[in-house]
Amino acid sequence: MNFEKSFENFVQILSEEEVTSEITPSALADISKEYALRSIVAVVSFAKGADEEGEPDTVISLFGPVPEGEAPAYYFKNEMAGKRIVTYNIYLLGDKRWTEEEYKSFSVIIDILSFHLERYLLNGIVKESTFIQYLTRLPNAGGFLAFAGRLFEEERIQDYNSFYFNLKSFGLVSRRFGITEGDEIMKRYAKKLREFCEQDEIVAHLGGDNFTALIKKDRTNDFLELLSGIEVYGIKNDKEEPITISAVAGVYSVDDSLKEPGQLISRAGMACSYAKNVANKPYVFVNKAMSTKIYRQKQIEERYEEALNNDEFRIYLQPKVDTVTGEIVGAEALARWFCNGIVLYPTEFVPILEQEGLVATLDLYVLKKACEYIRSWQDKGIPIVPVSVNFSRRDLGYKHLAKEIAQIIDDYGIDRKFIQIEVTETASEDERGLMTTFLKKLKDMDISTAIDDFGTGFSSLSTLRDFPVKVIKIDRSFISNDNLNKNDEIVLKNIVAMARELGIDVVTEGVERTEQTDFLKEVGCHVVQGFLYDNPMPMDDFEKRLEKKYYEN
Ligand code: C2E
Ligand code: CA
Ligand code: CA
């Protein structure tokens, strides 16, 4: 057999099989003859830092027996991923020595062996990593589920509470101490968690700053207490600094509704995101209402675009009425989502769409519908009233929004005075800038604007002074007290008077009782919107109201 042939065999066997120490002997069988090989032993060691203990070396026999206490004839060193160094010790038959040629050509064989050995070792790591988180050495999701699976089968799982927790501002810790020290801090944190666990409990590291745990029910409070703040330290400029790491947790108290171990993570995880994003509490236990709420949130996000295209959104109109004459003087367009047989209200979906940056598409859709309605009244000869459309503060970041609004109105061939844009009063300085620009642009294009929920923002007085608006809508909280008192009266009276002097109209929303309209008349505010006259209603019903135009007083 010639050398080429044996080399080919060697490469082929290795490339076809997952390399293990079992197959290298056959791959090396032919070559061994060319090189008078007796044994090849690979010693895998970790490159160690000064103070590291490192892990023990791994000895892998690739060919032949492992000679005891005998110096190899030759050795080759190779670096591998993950700070590993492999030394190949070569033992030859008898006292055979290679020529320089042979030595050089064998180094090629070592390179190939190395490549395969690396794959073999990586496989080992991958196998291990199905159960162990590489950084903290805590179990990972796989390890957690295997553990939970056993408890589940032994019907002991209901003795436990399942936790999902997320570290508060660990990002800040990493930024302060750097990524390497951040990893060390994480390891110290994990160690404390591990120390808490009893034999038949588990804390697992899912990755990043997310963890799960199964803790006996009677130790729940202790564990929550632990999670509220674990003391560790970080090293910066050779000095130890104390750090307290607290977590936000979701807790699922395992009951007989558990169908499979995966739900231990998903349910507690859901509670965790609820604790963090909705409740703003250090921990929350899973409950039914929460799961429906989160389920709906997901649905809303996922279905929104399709729903918009399917016309699942309808526009309801609520009249604005002059309480003195009973005349309908305008309407507000409010979105309703008819979703799988239930009606969703904007309080449910608008905040989610805002969060996802989707609300602008809804607002523009509502605007188009409002224009469409006005256009049809115009075409049918029905008296037209202005319709106001809500725009979210989240929309204000869009540079061309004002232009786009004007364009849409013009496209429907209606007078710009029939559309009014409502935006809510804002608190933050940044937004105030954007808001002023937006309102000013609209004003310059003869589109009127209203400040919604007036009186609930931070600085209503400067709102009146700075914002070029046509209308303020007084928030219903001003008139919702059962007994409207003297203070309400004074505040309202003065707002109305001030607004009048500034040439701003006042509308009061949420009017439900006649004594409220009486009170409002007294302070000089005539235009109201509220259930006392009508709820928001579909277009057909609103059109009937419009044809009559007046409510009987
Ligand atoms: P808003 O702009 O303050 O709208 C008035 C809300 O008060 C409406 O709730 C309306 O149904 C309700 N309402 C009307 N009269 C009364 C009353 O007499 N008593 C009480 N208790 N409530 C009354 P809705 O339709 O659920 O809308 C809630 C909020 O959602 C709106 O508050 C508005 O901020 C927002 N929204 C509605 N549609 C849209 C939209 O198309 N785009 C955006 N961005 N937001 C919208
Ligand atoms: Ca509004
Ligand atoms: Ca309002």
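**Ligand 1 and the calcium site**

In this predicted model, a polar side-chain atom of Arg-476 lies 3.2 Å from an oxygen atom of ligand 1. Taken alone, ligand 1 exposes 790 Å², of which the protein buries 85%. The space that ligand 1 takes is the second largest pocket.

**Surroundings of ligand 1**

- The shell around ligand 1 comprises 9 nonpolar, 5 polar and 8 charged residues.
- Of the 22 residues around ligand 1, those that come nearest are Gln-318, Arg-336, Asp-363, Glu-512 and Phe-531.
- At least two shell residues each are supplied by strand E13 (328-339), helix H9 (346-355), helix H10 (359-380) and strand E17 (448-454).
- Strand E13 gives the most to this shell, with 4 residues.

**Residues that serve both ligand 1 and calcium**

- Glu-332 places a polar side-chain atom 3.0 Å from an oxygen atom of ligand 1, and Glu-332 is also a donor of the calcium ion (ligand 2) through OE.
- Asn-390 has a side-chain N or O atom 3.3 Å from an oxygen atom of ligand 1, while its OD1 is a donor of the calcium ion (ligand 2).

**The calcium ions**

- The protein donors of the calcium ion (ligand 2) lie 2.1 to 2.3 Å from it and also include Glu-422 (OE) and Asp-452 (OD).
- In sequence, the donor residues of ligand 2 follow the spacing E-x57-N-x31-E-x29-D.
- Glu-332 belongs to strand E13 and Glu-422 to strand E16 (residues 419-424), so this pair ties together parts that are 90 residues apart in sequence.
- Asp-452 coordinates both the calcium ion (ligand 2) and the calcium ion (ligand 3), which are 4.3 Å apart.

Note on methods. Residues numbered from 1 in each chain as written. Chains lettered and ligands numbered in written order. Predicted model: local features only at pLDDT ≥ 70, side-chain atom pairs only at ≥ 80, totals over all residues. Heavy atoms only, no water. Near = heavy atom within 4 Å. Polar contact = N/O pair within 3.5 Å; in protein donor to acceptor, adjacent residues only side chain to side chain. Areas by Shrake-Rupley, 256 points an atom, 1.4 Å probe, with all protein chains shown as cover. 1 Å grid on protein atoms, 1.4 Å probe; cavity = no way out; pocket = protein on both sides within 12 Å on 5 of 7 lines; lining within 4 Å. Sits in = over half its atoms within 2 Å of the grid points. Nonpolar A, V, L, I, M, F, W, Y, C, P; charged D, E, K, R; others polar. Donors = N, O, S within 2.8 Å, 3.2 Å for Na, K, Ca; no water.
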